[in-house]
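Trainee: Please pick one part of this model and take me through it slowly, with the cut-offs spelled out. I would like one connected account rather than a list.

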Amino acid sequence: MGHALLIVGPKTLRANRDYTVVVSNFYGKLNKADLLLRLQGHDEDGQTLLNLTRTVEVQQIIRRDVIFQIPAINSSGYFKLTIEGVRGFVYNEEVELEYLDKSISGLIQLSKPVYKPGDSVQFRVIVLDPDLKPPSGHKMVTVTVQDSNGNNIRKWSDAQLYNGVFEGQLDIAPSPLLGTYNIKVEANNKPLVSKTFEVKEYVLSTFEVDVFPTDVPLEEHQALNLTIVANYYIGKPVIGRVKVELYDEDNNLELSKEYDVNGKLEVHLPFTNELILFGEKQDVRVNVSFSEQYTNRTVVQNRLITVYTIYKYQVKLEKESPAFRPGSPFKCLLKVEHRDGTPAKGVTVLVRIDGLGLSNPEQSHKSDDAGAIKLQLSTTDSAEIIQITASIDDQEVLEDVINKKEQNIEKFITIDLRDRYVVLGQDLSFRITCSDQLKFFVYYVVSKGNIVDSGYARPGRMSRYTLQLKATEKMMPKAKVVVATVTNDIAVFDYVDIDFEEFQNKINIRIDEPKIQPGGQIVIYMNGRPKTYVALASYDESLHQHGKNHDIMRENIWKIFDEFHDVLPNEYDKINSMGLFVRTLDDVTIDATNDKFARIGEAGTGKEEKSTSNLGWKFIQYGSDFNKSWLWKNITLPRSGHSIMTEKVPDTTASWYLTGFSIDPVYGIGIIKKPLEFTTMHSIYIIGNLPYAIKRHEEVRLHLTLFNTDEAMKLVDVTIYNEKDEIEFIGQPANAKNETKIVSVPPNVPYPISFLVKAKKLGEMDVRVKAFIRGDPVYDTIGKIIRVTPES
């Protein structure tokens with residue numbers, strides 16, 4: 001019989017939010033169920049924190065939502081929901097609830113990760129509630145900046161939040177305490193969020209060197225194949241010489257080779273002595289020294305390269321449940337990965353299925369862009385096990401066995417999302433399958449810790465049913481759709497995850513031109529919610545050598561959301577995995593077995609960020625520097641939701657990142673999917689390899705590199721200026737105001753040039769260089785302040 005009284009609600013509650021319990025009456029022995037629901041809480045001293053009651057009358061074949069508006073709660077405590085029958089209906093149940101006292105979270109965005117003496121630190125503090133919206137009850141925070149000794153150097157005691165954002169600025173002294181500084185944010189006298197940044201005298205790199213294995217190192221290779229890539233940040237190749245040294249497990253030098261590099265090089269390093277692995281993998285040490293050709297500046301890196309014993313691919317099996325139900329479809333997924341854990345797409349895998357009596361047990365499959373191969377297996381009533389074997393290029397990479405589900409009575413309900421993508425406003429189609437005829441079922445939409453929608457259907461004699469639901473804003477950005485029914489006095493449940501690729505507040509920012517003349521104008525187009533707050537930031541890509549944590553990315557917002565709402569999956573407790581409690585009648589058994597651990601859906605799901613393995617690394621050669629943080633602005637979009645911003649870009653050659661996020665009091669936070677990238681460069685441009693400091697009266701050669709992006713050789717005048725009489729040009733008259741060199745610069749290759757100088761005065765030396773093509777108005781300039789210290 002398909003009769004039951006089902007009471008379903010969240011296992012957790014928060015202050016200042018709705019708490020919804022859904023009561024469904026499919027109990028055939030009475031026409032209605034009258035219930036009293038009491039939500040109570042007290043602290044450790046027994047003081048009442050919460051006492052709310054609701055009564056509900058649920059007629060037969062009806063469901064009712066019981067909504068509690070949770071007020072502010074002063075402290076943590078013990079909470080429970082009591083459900084009692086009234087007006088002749090005998091019923092009594094009690095549910096312990098978990099109180100989640102975390103009501104706000106925070107982020108900090110910095111204009112860059114590292115600052116010099118005399119720089120200005122620009123930052124934003126973003127405060128969000130569990131809905132990723134500006135918290136209505138928090139209008140100010142306390143912001144403190146501490147130096148590297150922990151001293152408070154600036155404090156905003158009443159920092160006002162505008163749409164959940166506080167913008168601040170700190171000017172660093174010309175001779176500050178160097179080291180790691182900290183921005184600390186408090187709300188209601190409790191720590192909210194903090195972020196560190198560096199203050200130091202530094203020179204940024206003009207190029208990066210990337211070294212990584214060309215293919216996955218295996219024991220059978222008895223060698224390492226490495227790829228070395230050296231590029232300036234604007235994308236042009238660096239010419240230099242690299243020395244690669246290979247060491248054995250006893251740290252003895254086994255091999256040493258030197259190579260010339262013009263942007264990219266692949267090297268083969270055979271092991272002199274046979275490498276025998278006694279485990280699955282072993283690290284081999286490689287010492288790499290790269291010297292730039294014209295400056296001869298050298299960096300040395302020691303790295304460990306992992307050599308593996310087994311095949312270059314690994315395959316993992318993900319199952320929709322730990323065991324299969326005989327006679328029911330069973331879905332699983334093979335994840336094909338490189339040895340570093342990244343997806344391996346387009347790989348042909350021979351899959352053999354034993355135990356199901358298939359006429360053709362072996363079939364070839366090709367992994368998709370996510371490295372996945374989806375399998376749906378039709379099991380027989382007599383099946384005891386499913387054995388899955390996977391091979392690639394005749395190499396067996398997986399063997400796994402799935403056992404049948406041991407249960408006295410095989411009753412189940414399943415739900416699957418049939419749509420590949422989830423789009424706001426469109427209908428979602430769910431396939432529901434039951435072990436018996438579906439007399440009724442109830443569905444619940446769970447999002448952000450509460451039941452935001454529910455309903456029921458009575459399919460009648462069918463065991464399969466298609467449920468249509470519209471993708472609404474209540475579901476965003478993540479939700480679970482839960483289905484429940486009762487068959488043979490067993491309440492069975494199932495759920496599927498719904499993940500939107502967008503946040504509720506969608507913001508779109510674009511630029512038309514990926515390449516812009518230095519000093520020219522960039523046009524930024526913004527589309528979003530009317531009257532929403534939009535914050536923009538742009539900085540030089542070379543700053544990433546000091547870290548990327550200064551900025552805010554989508555994964556930072558997802559992390560905050562998950563900290564508020566994540567429910568840990570439990571392989572053996574499906575109800576717990578849904579974040580719900582379930583109560584019913586004494587003669588109804590609740591099947592809590594989880595059939596959806598590591599559930600595989602057919603729709604787009606939230607993507608787990610994989611950590612980068614040690615198969616590749618980057619190391620940096622130091623060079624010149626200029627103002628690396630450029631744009632730091634915010635606007636409020638007009639009623640149309642569209643805005644165009646025109647800004648002058650820095651008059652220098654660089655590769656830039658442009659990021660943006662928006663916050664709306666109703667729709668919350670939104671952020672662009674990934675930073676926009678653009679470069680500023682002339683057809684002739686200069687890259688400076690200038691030092692941070694020099695000694696007074698000491699001869700120093702200032703190295704520069706010219707690039708000509710035209711197709712023909714160009715005659716270029718390069719002039720270094722001495723406007724403040726701070727520089728002595730060696731070989732020139734003592735009172736010379738500048739020195740000019742005329743050079744022929746070939747196309748698309750780095751051309752070195754240098755000037756031999758002395759610093760006349762202590763303090764700062766202002767170096768300005770201009771290069772222009774003869775007979776052409778095109779020119780490029782760079783400027784840098786070099787510190788001058790006393791001679792030894």
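Mentor: Happy to; we will look at one sheet and the strands in it, then step back to the chain.

This is a predicted model, in which local features need pLDDT of at least 70 and side-chain atom pairs count only at pLDDT 80 or more, while totals for chains, interfaces and linings use all residues. Residues are numbered from 1 along each chain as its sequence is written, and side-chain values use heavy atoms, with hydrogens and water left out.

The part I have in mind is an open sheet of 4 strands in the order β27-β26-β29-β30, with antiparallel pairing. Its edge strands, each pairing on one side only, are β27 (362-366) and β30 (395-403). From one strand to the next, the twist averages 25°, with axes being lines fitted to C-alpha atoms (for helices over the stretch in contact) and angles running from 0 to 180 degrees between N-to-C directions. Two terms need their cut-offs: strands are DSSP runs of E of at least two residues and helices are runs of H or I of at least four, both numbered from the N terminus. Two strands pair if DSSP finds at least two bridges between them. In general, strands of a sheet pair through backbone hydrogen bonds, either parallel or antiparallel.

Now let us follow β29, which covers residues 385-392. On one side, β29 pairs in the antiparallel sense with β26 (residues 348-354) over 5 bridges; there Asp354 stands opposite Gln387 of β29. With β30, which also runs antiparallel to β29, the count is 8 bridges. Along that pairing Thr389 stands opposite Glu399 in β30, and Ser391 stands opposite Glu396 in β30. β29 and β30 form a hairpin with 2 residues between the strands, and Asp393 in this hairpin takes a positive phi near 50°.

How enclosed is β29 by the rest of the structure? It is largely enclosed, because 6 of its 8 residues are buried, where buried means under 20% relative accessible area, exposed means over 50% and partly exposed lies in between (1.4 Å probe, protein chains only).

For context, 53% of the 792 residues of the protein chain count as buried. The chain has 2 helices and 58 strands, and its C-alpha trace spans about 110 × 65 × 50 Å along the principal axes. Of its contacts (heavy atoms within 4.5 Å) between residues at least 6 apart in sequence, 68% join residues at least 24 apart.
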